[in-house]
Amino acid sequence: MLEASFQWVKISDPDQEPPCFAAVPDARALVADDRMLDHVADKLQSAGVAVRRLRYLVEDEEISGSHFDDVRVESHACHLNRPRVRLHNRSSREAARSARAAFEALWDTQAAADEPATTPLSEVVPEPWFGYFPYPSLNPAQRQAIPEILGNDENVIVLAPTGAGKTVVGMAAALRAILEQGRKAAWLVPQRSLTDELDRDLDLWRRRGLRIERLSGEHRLDLARLKAADLWVATTEKFESICRSTSLREVLDEVGALIVDEVHLLGDTVRGPVLEGLLARMRDPQIPTRLIGLSATVTNSAQIASWLHARLVTVTWRPGRLTWQLPMIAAHQDWNVTEASRARLAAALTSDVTADGGSVLVFCGNKRSVRLTALVIAASRGADVRDVHPDDVDQVYLTCRHVGVGLHYKDWEHRSEAEEAFRARQMDVLVATTTVAAGVNLPARAVIVRDTQVGFGELDTATVLQMFGRSGRAGTGEEDGWAFLIVDEHEHAIWRRRLIDGHTVDSQIQANLPEQLLSEAVQGRVTSESAADRWWLQTLAHHQGSRHPDPLRRALRFLLEAEMVQQAEDAAGRFTATELGRLTSRLMVAPATGTDLRKALADLPFPDSAAEAERLLIRTLATTVPRLAQATAADAIKPVVAQLLTLSPPAAGGERSTPPSALTPGGAPGDFAQASLLVCAAPEQDPADRQQPTEIEIPYSAMYPILEEAPRILHWLGNQGHLGTVHPWCAIVAADLSRRIRWRRLEPRRGAGRLLWMLEQMADQSRLEHDLPGLWQAALERGHTSPDWPAGRAPTGCVLDDQAYAALLRERTTDCRLSEYPPHAWVTGPAESAVTWSGPQWRLAPLRHGSAEAAYPNRSTSRRGVAVFTRRGDYRATDWLAAYNAVGHHDQPLKAGPLAGKSNRNRASQEEQ
């Protein structure tokens with residue numbers, strides 16, 4: 001060997017003979033802290049080898065050769081999995097580099113760590129602020145970062161390991177804006193669940209008199225409370241929706257500090273484009289809002305800070321040590337064998353950590369893997385799982401709960417229960433998908449990432465590092481963290497290199513550039529091609545080298561063709577957002593999705609009835625909107641989905657290419673969304689609409705993502721009635737469905753949309769979820785089935801003053817007269833536009849001086865009708881669309897309160913919980 005040679009080994013298998021060490025200057029051994037390996041450690045130390053003992057070491061590997069070249073790496077599959085496989089290879093230079101770097105990182109983490117020194121608050125923050133902080137002292141990371149934030153008004157990016165206490169750093173930035181500068185602060189987090197956690201952390205501020213408003217998808221905005229608030233806690237998407245709203249835009253000028261949690265999610269394919277568009281706007285020197293970015297470690301942090309004109313504060317301190325390893329399994333051609341091997345190894349690793357009182361988070365790539373792995377772990381703890389199928393969710397739950405194993409994924413009915421039990425240490429194992437990968441503070445000593453695939457895609461480095469960061473959380477009693485990513489022999493070198501190199505944030509804005517460009521047009525910031533070019537200069541994409549304007553030009557052409565912007569005929573090429581564009585941007589509908597949906601609806605056959613119209617609209621929505629089309633049902637629910645689709649036959653022109661009884665294992669795209677929406681839209685309302693009665697159910701927790709997405713898209717369609725951009729039948733049916741689905745726990749029948757619309761206008765927006773059910777009950781008790789009650793005093797519970805209530809009454813379609821004198825239609829009333837239609841055709845005819853007359857588009861069609869829409873959201877129509885004018889058009893007796901029906905009662909109960 002060359003003079004500068006080395007031999008480094010990892011020894012974890014008691015049955016493995018230790019290697020013979022040559023006389024090399026640099027000989028090191030990491031040995032598992034297992035009493036069965038004590039003699040090996042003693043022997044190596046006697047031979048002059050530097051030895052460090054490592055708790056939970058599960059890798060067996062030898063790296064030897066020259067420090068400069070000719071490096072050999074010899075690895076073994078993890079000894080916890082049998083049969084044991086030896087993998088001998090002459091590594092590439094790059095693989096050898098990462099192998100050496102990984103060993104040195106593991107070696108260094110085992111050095112004795114100094115006790116972290118804390119700093120009293122009095123040395124860093126003003127005395128009047130003391131009561132706003134959760135602890136009387138600061139850790140080293142906070143001591144380093146907070147003076148950088150309080151000392152000047154520059155933008156700042158704080159780069160720190162997960163668990164270093166970045167929340168307290170964000171608190172300091174918010175308090176400076178609120179208490180010192182008298183301005184507002186906004187705190188952005190990437191996920192709705194994180195607004196829950198941050199909201200709890202800030203409860204102390206409420207008790208001290210600060211006004212905090214939580215803004216996320218399920219919380220309605222109240223303009224008065226929003227203006228009065230000192231701090232907004234919002235998801236990125238909700239804050240962006242405020243930026244796009246004309247009525248709220250002036251409030252943004254009062255925001256002195258924008259704290260962006262997890263700013264490295266700029267590189268996320270889903271959230272990244274919206275965050276980049278927002279930050280590209282906020283970095284404008286003319287916007288007096290300071291940016292504070294809180295980020296996990298990324299390799300190009302200096303580039304991100306440079307883009308944001310921010311000072312970079314890099315923190316290396318972390319409470320406790322984080323040790324990561326890559327236990328290896330043998331690759332196999334049979335997918336089932338590989339799956340079983342991953343599950344067994346995850347269970348074995350879990351047993352090692354929990355045997356001495358540790359807690360474990362196990363991440364899996366899909367919901368079924370969560371259930372399967374939880375059962376394998378439960379079996380290793382003595383549970384009898386012989387007759388438990390992974391798709392029998394109730395039995396899986398009972399079996400795993402009995403032995404302290406919790407499950408967590410987005411539509412798991414017992415998700416919250418499992419999270420709270422794990423947090424309270426009533427369970428020491430939580431098996432989850434990526435739902436708890438980011439930001440949720442759970443007391444895990446170890447994290448095991450079972451899969452390198454999520455769904456049909458591969459895990460990215462950032463997500464794995466986030467998962468690793470869940471281990472060893474300060475203040476939980478689990479300060480030292482242990483992380484394991486299970487890989488096969490082909491993935492081993494690839495993942496080791498990725499983790500050593502770290503995560504690089506790359507711009508994702510070009511993935512939905514039309515949406516970001518439309519947002520800027522709606523806000524009046526981009527009104528010409530030259531302005532668009534100037535905006536592009538502000539993006540991270542341009543900062544990272546995307547200089548060519550072609551993507552921008554294509555995005556603009558798309559918006560013009562989609563009728564979301566309109567261009568003036570002048571040399572400057574000026575353009576403005578259309579009403580459709582403003583609506584699309586305000587409701588956060590992706591322009592591509594909206595355009596595809598409008599085209600699909602335009603190609604549909606003209607329905608002959610309300611029931612057929614609903615089936616057509618729901619099927620089109622479920623198969624066209626990506627988030628709905630991609631929603632999949634658990635295997636246990638698929639027979640229910642197939643049965644529901646059978647009981648609700650396809651509308652004309654909507655025959656399935658595959659009968660429900662012959663569904664593929666994954667189900668046809670959109671089937672699950674279609675079945676869920678059909679269930680919620682038709683609560684035992686019209687026996688004629690069903691071929692036979694049914695008691696089948698879909699758990700509410702499984703439908704939740706669909707029922708969150710669909711009402712927003714339906715609301716977007718319903719608001720296009722007065723624009724004439726979709727057929728009147730589409731707008732009216734969508735408007736009715738959107739409110740029936742949103743208020744599903746009231747079990748409203750067809751035609752309830754107008755009444756629900758009126759009640760929404762009269763209720764306190766900040767208490768809408770609480771107050772509207774009472775208004776609904778009172779309306780039905782008084783026999784009101786629509787908003788068409790006589791003018792007079794406002795009903796009990798209405799929060800509008802007399803003037804606002806009178807204005808609302810004037811903006812109903814109650815006093816409209818819809819008359820038909822073929823081939824003409826005549827409309828009078830307060831509406832801002834009227835639409836005449838006949839069969840598949842329609843014509844937008846604006847009201848002038850309160851009336852309009854228009855010829856039917858197709859005089860030869862016998863089926864004619866007329867519809868009228870107000871800008872505020874009310875509507876009325878003739879012919880079969882009259883079914884949506886009021887509740888109770890089936891001549892069925894109305895009840896005050898939820899209707900009978902087992903599945904709907906259960907669903908309402910689940911939602912209340």
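Which residue stands opposite Leu 258 in S13? Ala 186 does, and Figure 2 takes a look at the strands around that pair. One thing to keep in mind for every view: this is a predicted model.

**Figure 1. The whole protein, with its 32 helices and 34 strands.** Start here to get your bearings. Of the 913 residues in the protein, 57% are buried. Take the contacts with a separation of 6 or more: 70% of them come from residues 24 or more positions apart. As for the outside, the protein exposes about 38,200 Å², and carbon and sulfur atoms supply 49% of that. Also scattered through the structure are 49 salt bridges, and a few of them get their own views below.

**Figure 2. Strand S13 and the two strands it pairs with, S10 and S14.** Strand S13 covers residues 255-261, and seven of its seven residues are buried. Strand S10 (residues 184-189) pairs with S13 in the parallel sense, over five bridges. This is where you'll find Ala 186 standing opposite Leu 258. Strand S14 (residues 290-295) also runs parallel to S13, and five bridges join these two. Here, look for Ile 259, whose bridge partner in S14 is Ile 292.

**Figure 3. Strand S4, paired with S1 and S5.** Is strand S4 enclosed or open? Six of the six residues of S4 (residues 61-66) are buried, so the strand is largely enclosed by the rest of the structure. Strand S1 (residues 5-11) pairs with S4 in the antiparallel sense over six bridges. To spot one of the partners, find Gln 7 and then Ser 64 in S4. S4 is also joined to strand S5 (residues 71-76) by five bridges, and those two run antiparallel. In that pairing, Ile 63 stands opposite Val 73 in S5. A handy thing to remember while you look: in a regular strand, side chains alternate between the two faces of the sheet.

**Figure 4. Helix H29 and what covers it.** Ten of the ten residues of helix H29 (residues 753-762) are buried, so the helix is largely enclosed by the rest of the structure. Among those buried residues are Trp 757, Arg 754 and Glu 760. What does the covering of H29 include? Three helices are on the list, H28 (728-742), H30 (768-781) and H31 (802-810), along with strand S34 (875-877).

**Figure 5. Asp 488, a buried residue with no salt bridge.** Asp 488 sits in strand S25 (residues 487-488). The nearest side chain of opposite charge belongs to Arg 342, 4.4 Å away. A salt bridge needs a nitrogen and an oxygen within 4 Å, so this pair doesn't make the cut. What does the side chain of Asp 488 reach instead? The backbone nitrogen of His 490, at 2.8 Å. Leaving aside neighbours within four places in sequence, Asp 488 is in contact with Met 328, Ile 329, Ala 331 and Arg 342.

**Figure 6. A salt bridge between Asp 38 and Arg 53.** The closest N and O atoms of this pair are 3.0 Å apart. Asp 38 lies in helix H1 (residues 38-46) and Arg 53 in strand S3 (residues 50-54), so the pair ties together parts that are 15 residues apart in sequence. Asp 38 is partly exposed, with a relative accessible area of 32%. Arg 53 counts as partly exposed too, at 28% relative accessibility.

**Figure 7. Arg 553 with its salt-bridge partners Glu 529 and Asp 533.** Let's take the partners in turn. In the salt bridge between Arg 553 and Glu 529, the closest N and O atoms are 3.9 Å apart. That pair links distant parts of the chain, 24 residues apart: Arg 553 is in helix H20 (residues 550-561) and Glu 529 in helix H18 (residues 529-536). Arg 553 also meets Asp 533 in a salt bridge, at 3.0 Å from N to O. Asp 533 lies in H18 and Arg 553 in H20, so this pair ties together parts 20 residues apart in sequence. How exposed are they? Arg 553 is partly exposed at 21% relative accessible area, Glu 529 is partly exposed at 31%, and Asp 533 is partly exposed at 27%.

Conventions: Residues are numbered from 1 along each chain as its sequence is written. This is a predicted model: local features need pLDDT of at least 70, side-chain atom pairs count only at pLDDT 80 or more; totals for chains, interfaces and linings use all residues. Side-chain values use heavy atoms; hydrogens and water are left out. Buried means under 20% relative accessible area, exposed over 50%, partly exposed in between (1.4 Å probe, protein chains only). Helices (H or I, at least four residues) and strands (E, at least two) are DSSP runs, numbered from the N terminus. Two strands pair if DSSP finds at least two bridges between them. Lys and Arg count as positive and Asp and Glu as negative; His and the chain ends are not counted. A polar contact is a pair of N or O atoms within 3.5 Å; within protein, one must be able to donate a hydrogen and the other to accept it, and residues adjacent in sequence count only if both atoms are side-chain atoms. Contact means heavy atoms within 4.5 Å. Accessible areas come from the Shrake-Rupley method with a 1.4 Å probe; for residues, only the protein chains shown count as cover.
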